[in-house]
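Q: Could you walk me through how to read a few local features of a model, step by step?

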Amino acid sequence: MSYDSENIFAKILRGEILSHKVYEDEYTLAFMDIMPQATGHTLVIPKEPARTLFDLSDTACTHLIRAVQRVGVAVKLAMKADGIVVMQLNGIAAGQTVDHVHFHVVPGSVHDFGKHSAEENQAGDLALLADKIIQCMS
Ligand code: 5GP
């Protein structure tokens, strides 16, 4: 299956859809998940177009995991979380719903979540959380 440049995250990368950014560099973007599984749930994506982790170039992969680490530290501090779950799904069969590779950075315990919030988070709430995480970014 080829990459669909009309997927939601491609639109976020092009600035066609609003997102609450917490981190960006030449290779990656991190922003708040709109239907979080826990407060502070953040997504980290590569700018390179790739459907799954297995489609990603070595360079993009290297920068992506470094961004996940950096964002994870900030989310942990900002949310005062004892644990951070880093999750990454590949393919519909695995539960992937957006066809642009992404890492979930979720504060808390995997035993306490697994389902998305029933409603989209209010933009104001996400902006406040994004600010809180940005302040903890080293
Ligand atoms: P997946 O199920 O593919 O691993 O995760 C996709 C994630 O993207 C979900 O956690 C979902 O809540 C999030 N998501 C879907 N659409 C949007 C959107 O338009 N904006 C943001 N910020 N997150 C989204």
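Q: Is histidine 20 buried or exposed?
A: This is a predicted model, and the test is a cut-off: buried means under 20% relative accessible area. Histidine 20 comes out at 15%, so it counts as buried. Along the chain, histidine 20 sits in the loop between α1 (8-13) and β1.

Q: Which residues is histidine 20 in contact with, leaving aside its neighbours within four places in sequence?
A: There are two stretches to look for. One contains Ala30, Phe31 and Met32, and the other contains Ala123, Leu126, Ala127 and Ala130. Some of those names come back when we turn to helix α3, which covers residues 123-135.

Q: Let's take that helix, then. How far does α3 reach from its first C-alpha to its last?
A: Its 13 residues span 18 Å, close to the 18 Å expected at 1.5 Å a residue.

Q: Which residues of α3 are buried, and why do they line one face?
A: The general idea first: an α-helix has 3.6 residues a turn, so residues three or four places apart point the same way. In α3 the buried residues are Leu126, Leu129, Ala130 and Ile133. Looking down the axis of α3, you find its buried residues within an arc of 105°, so they line one face of the helix. Turned away from that buried side is a face carrying the exposed residues Leu128 and Gln135.

Q: What covers the buried residues of α3?
A: The cover includes three strands, β1 (21-24), β2 (28-32) and β3 (42-46), together with the helix α2 (58-78).

Q: How many residues of β3 are buried?
A: For a strand, check each side in turn. In β3, five of the five residues are buried, so the strand is largely enclosed by the rest of the structure. Thr42, Val44 and Pro46 lie on one side, Leu43 and Ile45 on the other, and both faces are covered.

Q: Which strands do bridges join to β3?
A: Follow the bridges strand by strand. β2 and β3 run antiparallel and are joined by five bridges; here alanine 30 has valine 44 of β3 as its bridge partner. β3 and β5 (residues 103-107) also run antiparallel, with three bridges between them, and leucine 43 stands opposite histidine 104 in β5.

Q: One last feature: where is lysine 80, and what is its phi?
A: Lysine 80 lies in the loop between α2 and β4 (84-87). Its phi is near 50°, a positive value in a residue other than glycine. With 73% relative accessibility, lysine 80 counts as exposed.

Terms used: Residues are numbered from 1 along each chain as its sequence is written. This is a predicted model: local features need pLDDT of at least 70, side-chain atom pairs count only at pLDDT 80 or more; totals for chains, interfaces and linings use all residues. Side-chain values use heavy atoms; hydrogens and water are left out. Helices (H or I, at least four residues) and strands (E, at least two) are DSSP runs, numbered from the N terminus. The expected span of a helix is 1.5 Å times one less than its number of residues. Buried means under 20% relative accessible area, exposed over 50%, partly exposed in between (1.4 Å probe, protein chains only). The arc is that of the directions from the helix axis to the C-beta atoms. Contact means heavy atoms within 4.5 Å. Two strands pair if DSSP finds at least two bridges between them.
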